[in-house]
Amino acid sequence: MMATKHQDNSLLEAQRSQVTPPPLYKVILLNDDFTPMDFVIVVLQRFFGMDKENATRIMLKVHTEGRGVCGVYPRDIATTKVEQVTAFARNNQHPLACVMEEH
């Protein structure tokens, strides 16, 4: 004779774990009076994968409104983009400022 295991009749419900996505960060270019517009377009194309039309649109937003959002990324990617743009601008003797803020 085989032994059988008896379970009480309580129902075990799987609890859904709420995994919150990591916070996202906006990468923003800030206007200055010295960085050429063409250089800003190059930055947007090179580091943010924009075509000339979108890069020009964002550059004009930076120029007219003082700032323009280049993209929204997880923290590590946003940090890398800020560092890359800043280094590229400095290497080309431009004071272009690139910052990130929580989305």
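The paragraphs below lead through a predicted model of one protein chain, from its overall order to a few single residues.

Starting with the overall plan, the chain contains 3 helices and 3 strands, and from the N terminus on these elements follow one another in the order β-α-α-β-α-β. Of the 103 residues in the chain, 30% count as buried. Taking the contacts between residues that are at least 6 apart in sequence, 74% of them join residues at least 24 apart.

The strands are a good place to begin looking. The 3 strands form an open sheet whose order is S2-S1-S3, with antiparallel pairing, and the edge strands, each of which pairs on one side only, are S2 and strand S3, residues 97–102. From one strand to the next, the twist averages 25°. Strand S1 and strand S2 are joined in the antiparallel sense over 7 bridges, and two positions can be used to follow this pairing by eye: Leu-30 stands opposite Arg-67 in S2, while Leu-24 stands opposite Pro-74 in S2. Strand S1 also pairs with S3, again in the antiparallel sense, over 6 bridges, and here Val-27 has Met-100 of S3 as its bridge partner. Turning from strands to helices, H2 lies across S1 and S2 and runs at about 125° to S2.

What, then, is found in the largest nonpolar core? This core has 24 residues, and those with the most contacts inside it are Leu-29, Val-43, Leu-44, Phe-48, Val-85 and Leu-96. The elements that each give two or more residues to the core are strand S1 (24–30), helix H1 (37–48), helix H2 (52–65), strand S2 (67–74) and helix H3 (75–91), and H1 gives the most, with 7 residues. Leu-96 is a useful residue on which to centre the view, and, if its neighbours within four places in sequence are left aside, its contacts are with Leu-29, Leu-30, Asp-32, Thr-35, Phe-39, Val-40, Val-43, Val-85, Ala-89 and Arg-90. Two of these partners, Leu-29 and Leu-30, can be found by following strand S1, which covers residues 24–30.

A charged residue deserves a separate look. Lys-81 has its place in helix H3, and although Lys-81 is buried, it has no salt bridge, since the nearest side chain of opposite charge, that of Asp-76, is 11 Å away. Which residues is Lys-81 in contact with, leaving aside its neighbours within four places in sequence? These contacts are with Val-27, Phe-47, Phe-48 and Tyr-73. Among them, Phe-48 was already named as one of the residues with the most contacts inside the largest nonpolar core, and Val-27 was met as the bridge partner of Met-100.

The last stop is in the loop between H3 and S3, where Gln-93 is found. The phi angle of Gln-93 is near 55°, which is a positive value in a residue other than glycine. Is Gln-93 buried or exposed? Gln-93 counts as exposed because its relative accessibility is 67%, and the cut-off that applies here is that a residue is exposed over 50%.

Key:
Residues numbered from 1 in each chain as written. Predicted model: local features only at pLDDT ≥ 70, side-chain atom pairs only at ≥ 80, totals over all residues. Heavy atoms only, no water. Core = buried A, V, L, I, M, F, W, Y, C linked by side-chain atoms within 4.5 Å. Buried < 20%, exposed > 50% of the residue type's maximum accessible area, 1.4 Å probe, protein only. Helix = DSSP H or I, 4+ residues; strand = E, 2+ residues; numbered from the N terminus. Contact = heavy atoms within 4.5 Å. Pairing = 2+ DSSP bridges. Axes fitted to C-alpha atoms, helices over the stretch in contact; angles between N-to-C directions. Lys, Arg positive; Asp, Glu negative; His and termini not counted. Salt bridge = Lys/Arg side-chain N within 4 Å of Asp/Glu carboxyl O.
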